[in-house]
Amino acid sequence: MTLIGTSVKRVEDKRFITGKGRYTDDIVLPQMTFAYFVRSPYAHANIKSVDISSASEMDGVVKIYTGKDIAESGINGVPCGWQVDFKNGDTMKEPPHPLLVADKVRHAGDAVAVVIAETYAQAKDAAESVMVDYEVLPAVVNAKAATQEGAPLVHEDAPNNLCFDWELGNPKAEVDAAIEGSHHVTTLDFINQRVIPNAIEPRSAIGHFEGHNDRYTLYTTSQNPHLTRLLMCAFVLGIPEHKVRVVSPDVGGGFGSKIFHYIEEALVTWASKQIGRPIKWTAERSESFVTDAHGRDHVTKAEMGFDKDGKITALRVKTYANLGAYLSTFAPAVPTWLHGTLLQGLYTTPLIHIDLEAVFTHTTAVDAYRGAGRPEATYLLERLLDTAALEMGTDPAELRLKNFIQPFDGVTQEGYQTQVALQYDSGNYHEVLHKALKMVGYEDFRAEQKAARENGKLLGIGFSTYIEACGIAPSAVVGSLGARAGLYESAQVRVQPTGKVSVFTGAHSHGQGHETTFAQVVADKFGIPLEDVEIVHGDSESVAFGMGTYGSRSLAVGGSAIVKSIEKVLEKGAKIAAHKLECSAEDLEYAGGKWTVKGTDKSISFGDISLTAYVPHDYPTGVEPGLDFSSFYDPTNFTYPFGAHIAIVEVDKDTGKVTLKRFIAVDDVGNVINPMIVDGQIHGGVAQGIGQALFEGTIYDESGQLLNASYMDYVMPRADDLPNFEVDRTVTPCPHNPLGVKGAGEAGCIGATPAVVNAVMDALTPYGIHDIEMPVTSQKVWNVINGN
């Protein structure tokens, strides 16, 4: 049976659906204490004093630390992992992010003190008795407003709240001239609103120092345990890495929010040595709303020019990207190298220029959220295309097809060089849209829509054709772009004497199904049963090193590292088999779990060779015993999944309610290992993309208070808000990795949002409405229909 390309049920689900998963908060250690953070209720305030005297006397309190204690300890703040310089070459502004604030709070939720007690309840009670005297200061929450003269400063050393400014593309003068000379120009001013990841498992961390061997263990809800160890050891606490073990057990979702190194992880690790006992912290849900890194939050003006035949002539973009109060781990990369570099989209746009200002505000930090920059770029392009089609009186599908890049496979034809630094690997963009149009029955729908409008019914159809960059690499390239870490992946494949296989991967699952998909690759390549393969991840003591899971990189980078180690195993196995079969290794072929002498029936099994490797009595000279190989894989390029999404909506003109009637997603993620898991990834991403389009978005008031910081107020899509998703795919293999895969985890979230908003705008065409700020709620729709 061929396992690659087969919908195998996820092997890890048995423990999850039977309640046997082991998450960080499930871990109980002897003599464990509990931490609760005192957080600022204000977005911007001077700290005049912190009084812990009453709290220190309360039952169960073990220790209380304040910002002053941390400052005096010499501990550094949490670092940023990416540097983007100003256009003039100056270094970006990188203010410290202390574990506890001593002098001034800069967003609601900033940590001022931490209480450690015998129980969680005692820690929380005592935290409420810590008295902090604040001098409240004016705040600014909007990125564009933050750059205006006289706006309150988040950091004194960042004038106009500017972290950096940045540009990319063709010379601005050329783009300006092309825009001015275009037959038609479509302009959109819009906000890609801030959203909150809301993983089902809140963040949690347990610090445990063992004095007898001078070693630390951090258990944490991380997508990236090795990077957490590196940043915490090298930049925050100054502890040798070999004395720190970081374990990320089962992780209940992340969507990017658990990539980053957070203050709580370093604080409980450090404090566990100070008190000589383990310390657990688990976020309350209201705490997660104001401390987990948020996503999106761009204020943008975009202009797209067209010639008289509808061909795109130029794209000009000005964006203000909100970074929040502090720089999160990868924050500078998101609006620049993950957003600006994708503004080519699927189109032959000959001239592109983006001018971007990255801005501090008195809000929670912003970093990568599912899609990370790619959804922002796609929304910008796809809203422009649909709006332009409406303005020019042309069909939005035809306008896209007219401007698509022609098909190329990256092998017989070179990759496509964009105007914004990237070179696409392979693509057939016409095919995905044609398939989606066929699935939706486009001509029939337009006839249905016309008839519905004559009867006062508002139906709309929206398109989104997207591309994304995944498996970000190679390390030398991203290093030149500001990455402060390599973006390779590691894998060790250890064949046991019995022929069973253990795989140690630096990728880390938080719901993607790695224990199934990686095992399928290994079992298929070796020709052994799936159950003979175990996947080990998430423990820095078991896995030598790794760069975690994000950016749809797991298979393209992590899977490729596994394949490299598999190839080494088979190469050595062939030498042993040749010795046993008395032939040369070149005379052997491997299939079905055995080496066979070509043209004969002489063969030897994988299991026999495995045993021989560890019991080398009859063994080739000069070959070491054992069958255990490690590899690092550093890709030569990004991978570039793409697709076409179509949404059909109905708008109730009396209430403004938007009902999503159909959603079609045709994606090309390269070769597919497990179709069922890919479909699940697309479904989940589409649901999140729809959430941003219609329901989700933070609401800050002028003082910096997050007004919808609970599930009573922050709206996410529910099952009855969503139709059955109609998914299909095309397959254009990636030409530069051994599996031909491209990545699927973020595709749905990238393509869905503009498709839905475009559908609503299409439905509202009779009212002359071209744009509504997301989320497109019933109230907003009703207001614009009624001229409010």
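Two parts of the structure count as being in contact when heavy atoms lie within 4.5 Å. With that in hand, helix 12 of this predicted model makes a good starting point. Its buried residues pack against helix 11 (396–403), strand 17 (423–424), helix 13 (442–454), strand 18 (458–467), strand 26 (642–651) and strand 27 (658–668).

Which residues of helix 12 are the buried ones? They are Tyr 429, His 430, Val 432, Leu 433, Ala 436, Leu 437 and Val 440. These residues sit on the same side of helix 12, because they cover an arc of only 165° around the axis. That fits how such helices are built: with 3.6 residues a turn, residues three or four places apart point the same way.

The length of helix 12 works out too. Residues 429–440 make 12 residues, which at 1.5 Å each should span 16 Å, and the end C-alpha atoms are 17 Å apart, so the two agree. At the N-terminal end, Asn 428 acts as a cap, with a side-chain oxygen 3.3 Å from the backbone nitrogen of Glu 431. Just past the other end, Gly 441 takes a positive phi of about 65°.

Now for the sheet. Strands 18, 26 and 27, which the buried residues of helix 12 pack against, belong to an open sheet of 4 strands in the order 18-26-27-28, with mixed pairing. Strand 18 and strand 28 (725–729) stand at the edges; each has a single partner strand, so one side of each is left without a neighbour in the sheet. Ignoring direction, neighbouring strands here are turned by 15° against each other on average. Strands 26 and 27 run antiparallel and are joined by 10 bridges. As for Gly 643, its bridge partner in strand 27 is Asp 667.

Conventions
Residues numbered from 1 in each chain as written. Predicted model: local features only at pLDDT ≥ 70, side-chain atom pairs only at ≥ 80, totals over all residues. Heavy atoms only, no water. Helix = DSSP H or I, 4+ residues; strand = E, 2+ residues; numbered from the N terminus. Expected span 1.5 Å × (residues − 1). Buried < 20%, exposed > 50% of the residue type's maximum accessible area, 1.4 Å probe, protein only. Arc of directions from axis to C-beta. Polar contact = N/O pair within 3.5 Å; in protein donor to acceptor, adjacent residues only side chain to side chain. Pairing = 2+ DSSP bridges. Axes fitted to C-alpha atoms, helices over the stretch in contact; angles between N-to-C directions.
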